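Trainee: I should like a close look at a single part of this model, namely one sheet and the way its strands pair. Please take me through it strand by strand.

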Amino acid sequence: MKKYIKFIVAGLVAVIFIGTFVFLWIQSQPKPVEYEEFTPKVSDIKKTTVVTGKIQPRNEISVKPQISGIITEIYKEAGQMVTAGEVIAKVKVIPDMSSLASAQARVRLAQINLKQAKTDLDREKLLYDKGLVSADEYEKVRIVHQRDAEELQAANDNLEVVREGVSSSNADMSSTLIRSTISGLILDIPVKVGNTVILSNTFNDGTTIATVANMGDLIFDGNIDETEVGKLVTGMPMKITIGALQDEKLTASLEYIAPKAETSNGANQFEIKAAIKGVDGNKIRSGYSANAEIVLAQANHVLTVPESAIEFQGSDTYVYVIKGEGEKKTYKRTKVTTGLSDGINIEIKSGITAKDKVRGPKKVTDTDSSANK
């Protein structure tokens with residue numbers, strides 16, 4: 001019995017050994033290489049680029065005061081619409097002491113001159129009534145009196161302007177009332193009641209009371225790389241996608257390409273601007289981040305294959321045309337003329353037809369993936 005058991009065990013070991021050897025031999029045999037297969041098709045190819053930028057109003061102005069002073073009232077707030085000439089804020093004047101003293105001195109001098117002119121006019125009128133002076137002499141004295149009266153009025157007006165920022169004779173044109181210079185949306189009011197403001201002059205830009213813009217006329221402002229700027233021309237259509245409004249699709253027309261580059265992160269960038277069409281100013285806000293898609297080149301109804309099927313050799317391009325079926329399948333290397341590429345598909349101008357089948361890259365199996373790992 002023990003003798004039979006030994007034979008059985010030896011037989012099992014032999015079977016396992018032979019089976020393992022056969023399995024390893026089969027696994028070591030080269031497997032036939034399989035390739036992806038593509039059929040050329042007629043389609044449209046577009047070469048596009050995406051430019052990042054932001055949405056801005058074409059006309060954005062800063063409203064500044066005509067006098068220096070302190071903000072006493074603010075009548076508007078950011079987000080409200082204003083019309084040209086509408087009052088936004090009021091300023092209380094802080095008079096300059098030198099200007100105030102000069103204005104007061106002018107008033108006093110004008111009062112003295114007018115008082116003397118009144119005395120001369122009264123005396124001249126008395127003599128004129130008695131026929132002792134001519135009408136011409138009387139008229140000259142009367143004109144002097146009238147001139148001095150006007151000078152006193154002007155001096156008083158000037159004193160009121162220096163002291164209050166406005167005179168009683170032209171209250172409607174008060175420079176203490178800060179008015180919008182255009183009609184539009186108030187984007188920002190950076191001042192508060194009590195803030196000191198100064199007017200614009202040679203030495204400073206002045207204090208901005210409000211920023212107003214026409215949100216019905218917006219532009220896309222972005223930057224494009226120097227490798228693609230040469231393909232742009234004014235008037236090219238663009239598709240605008242706003243990050244904050246993914247469902248809002250806008251179109252635009254390229255209207256400006258900067259003649260000079262700006263260096264950003266070591267790369268030369270050119271500024272571009274495009275007029276946005278069909279704007280809804282109630283939805284879009286100034287400064288929204290946006291992407292603009294520009295079609296740099298386009299080929300319609302052309303024969304295409306995946307670019308992965310193309311073999312590049314120097315300046316020549318080739319494809320492998322499939323001949324036969326099954327085990328008799330062969331691949332014929334064929335030279336082709338290519339055209340526009342969008343990075344995925346490429347135009348075939350000549351060399352193959354829509355009836356041909358071409359070989360693509362080798363198929364990747366799970367075994368290959370494991371081996372690569």
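Mentor: Let us begin with β4 and β6, which pair in the antiparallel sense over five bridges. Two strands are said to pair if DSSP finds at least two bridges between them, and the strands themselves are DSSP runs of E with at least two residues, numbered from the N terminus. The model is predicted, and local features need pLDDT of at least 70, side-chain atom pairs count only at pLDDT 80 or more, and totals for chains, interfaces and linings use all residues. Residues are numbered from 1 along each chain as its sequence is written, while side-chain values use heavy atoms, with hydrogens and water left out.

Within the pairing of β4 with β6, Glu73 stands opposite Lys90 in β6. Strand β6 covers residues 87-93, and five of its seven residues are buried, so β6 is largely enclosed by the rest of the structure. Here buried means under 20% relative accessible area, exposed means over 50%, and partly exposed lies in between, with a 1.4 Å probe and protein chains only.

Strand β6 also pairs with β7, again in the antiparallel sense, over three bridges. There, Val87 has Arg179 of β7 as its bridge partner. Turning to β4, residues 69-74, two bridges join this strand to β9, and the two run antiparallel. Gly69 has its bridge partner in β9, namely Val197.

Taken together, these strands make an open sheet of four, in the order β7-β6-β4-β9, with antiparallel pairing. The edges are β7 (177-179) and β9 (196-197); each has a single partner strand, so one side of each is left without a neighbour in the sheet. As general background, strands of a sheet pair through backbone hydrogen bonds, either parallel or antiparallel.

A second open sheet may be set beside this one: four strands in the order β3-β10-β8-β5, with antiparallel pairing. Its edge strands are β3 (60-63) and β5 (81-82), each of which pairs on one side only. Four bridges join β3 to β10 (residues 210-213), and these strands run antiparallel. In that pairing, Ile61 stands opposite Val212 in β10.
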